[in-house]
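Here are a few quick notes from a colleague, meant to be read with the model open.

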Amino acid sequence: MATDPASVLGTAKPAWAGEDVAMLYDMARRFLAEEIEPRYEEFEKAESFDRESWRKAGEHGLLCASVPEEYGGAGGTYAHESAIIEAISHVGVDGFGIALHNSIVAPYILHYGSEEQKRRWLPRMATGELIGAIAMTEPGAGSDLQGVKTRAEKDGNHYRLNGSKTFITNGQLANLIVVVTKTDPEKGAKGTSLIVVETDEVEGFERGRNLDKIGLKSNDTSELFFNDVRVPTANLLGSEEGQGFVQLMQQLPQERLQIGATAVAMAERALALTIDYVKERNAFGQKVIDFQNTQFKLAELKTEATIGRVFYNDCAARHIDGGLDPVTASMAKYWLSDLQGKVVDECLQLFGGYGYMNEYPIARMYRDARVQRIYGGTNEIMKLLIARSL
Ligand SMILES: Cc1cc2nc3c(=O)[nH]c(=O)nc-3n(C[C@H](O)[C@H](O)[C@H](O)COP(=O)(O)OP(=O)(O)OC[C@H]3O[C@@H](n4cnc5c(N)ncnc54)[C@H](O)[C@@H]3O)c2cc1C
């Protein structure tokens, strides 16, 4: 029997992972293994998922798990989002951009949207009719978001939106995009606003290249162009202009924590796959697991992954209770994604040459893991934020 990534560490179940969360995890894992995993290679080659998969994910309750039922969601909490994110990494379909849709885009609408906006967008995000993206990064502004140049100028009851974005996850498929834009460039951060663009409803919106990445191939990551796009002023998030930066800062802890969820779950899968491999593979007349080096290496990695899992579970508990501070969330993002990189790299080594072959999942995991240290704020930026608390 293959080692199960969900139990490879043997840590205690946290209080937040109650029966309904466990049921959702099992259901998500079954759906992903049966419906997505068999087609994953096809999506990797196409460098994109298809709309059908998103719709099916909606039917199986994987979209907007923490959105209240009155807005079409499942009425759960971050615990439910965590279960889905972990199932995605445990099955190994890491390019499915659900975490961003559920845990980043939907919360902006839920927390800052008007009643009318929530009723208009969230139910369609829950079915997969609308696929979400968040467009912060520009060719000239990544870590330093104050440098955003995209401009929204008021024109009666519309904004005229001009600018370009890059590296946008779900960018080829997304039809609901939260755009970070300047409504008053003179005011710097205080002149920044979030405006929702429903791409099916506007003219002047163009998708650029689906970017050629080293990993997460099946996720469409795109350039986006806004050329005099007319967006109703009713699509502004928040009661007035200029709240964008504060809204971004308030939501970042969850964005960073969910990167930590992926990190821990992928480290668990790497360990499970490697333990099975070294028990099968022979060298010098014995199994690779019989070498003391293999045992010590895996003992170290299992210990560190356990420390990571306990830290993540504690951060998640604090977040669900509303008490995860931005500094601890930054620690989780940086430390857990570094750990993920280390675990996957050292596990790959134990596969020898086979670890370098794409037909072995550990090879893909190695490529997919790398970006976790870059997006969501680079790990250097995380350290800056942590250092400010000293
Ligand atoms: C696959 C992928 C998906 C992404 N998805 C999205 C998305 O959905 N939406 C979105 O808006 N963006 C997305 N991004 C963009 C991502 O968030 C940025 O790439 C990231 O924030 C870094 O910005 P940058 O690439 O401009 O690097 P830069 O800001 O140019 O940084 C270059 C280097 O300088 C370092 N650096 C920068 N400032 C400092 C400092 N003050 N002190 C020390 N070091 C510093 C950085 O750590 C980095 O090592 C994605 C990126 C990738 C690769």
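The points below cover the ligand site and then a surface patch.

1. Ground rules: this is a predicted model, with local features needing pLDDT of at least 70, side-chain atom pairs counting only at pLDDT 80 or more, and totals for chains, interfaces and linings using all residues. Numbering runs from 1 along each chain as its sequence is written, and side-chain values use heavy atoms, with hydrogens and water left out.

2. The ligand has 19 residues around it, the closest being Thr137, Ser143, Thr169, Thr378 and Glu380 (near means a heavy atom within 4 Å). By type, that shell splits into 11 nonpolar, 6 polar and 2 charged residues, with Tyr and Cys among the nonpolar and Gly among the polar ones.

3. Look at the polar contacts (pairs of N or O atoms within 3.5 Å). The side chain of serine 143 places an N or O atom 2.6 Å from a ligand oxygen. Backbone atoms take part too: an N or O of methionine 136 sits 2.8 Å from a ligand oxygen, and a polar backbone atom of phenylalanine 167 is 2.8 Å from a ligand nitrogen. The protein buries 65% of the 980 Å² that the ligand exposes when taken alone (Shrake-Rupley, 1.4 Å probe).

4. Away from the ligand topic, Tyr354, Tyr356 and Met357 make a nonpolar surface patch of about 370 Å² (residues with over 30% relative accessible area and no salt bridge, nonpolar side chains joined within 5 Å; a salt bridge is a Lys or Arg side-chain nitrogen within 4 Å of an Asp or Glu carboxyl oxygen).

5. Why is tyrosine 354 classed as partly exposed? Because its relative accessibility is 37%, and the class runs between buried, under 20%, and exposed, over 50%.

Note on methods: A polar contact is a pair of N or O atoms within 3.5 Å; within protein, one must be able to donate a hydrogen and the other to accept it, and residues adjacent in sequence count only if both atoms are side-chain atoms. Patches are made of residues with over 30% relative accessible area and no salt bridge: like charges are joined within 9 Å, nonpolar side chains (Val, Leu, Ile, Met, Phe, Trp, Tyr) within 5 Å. Buried means under 20% relative accessible area, exposed over 50%, partly exposed in between (1.4 Å probe, protein chains only).
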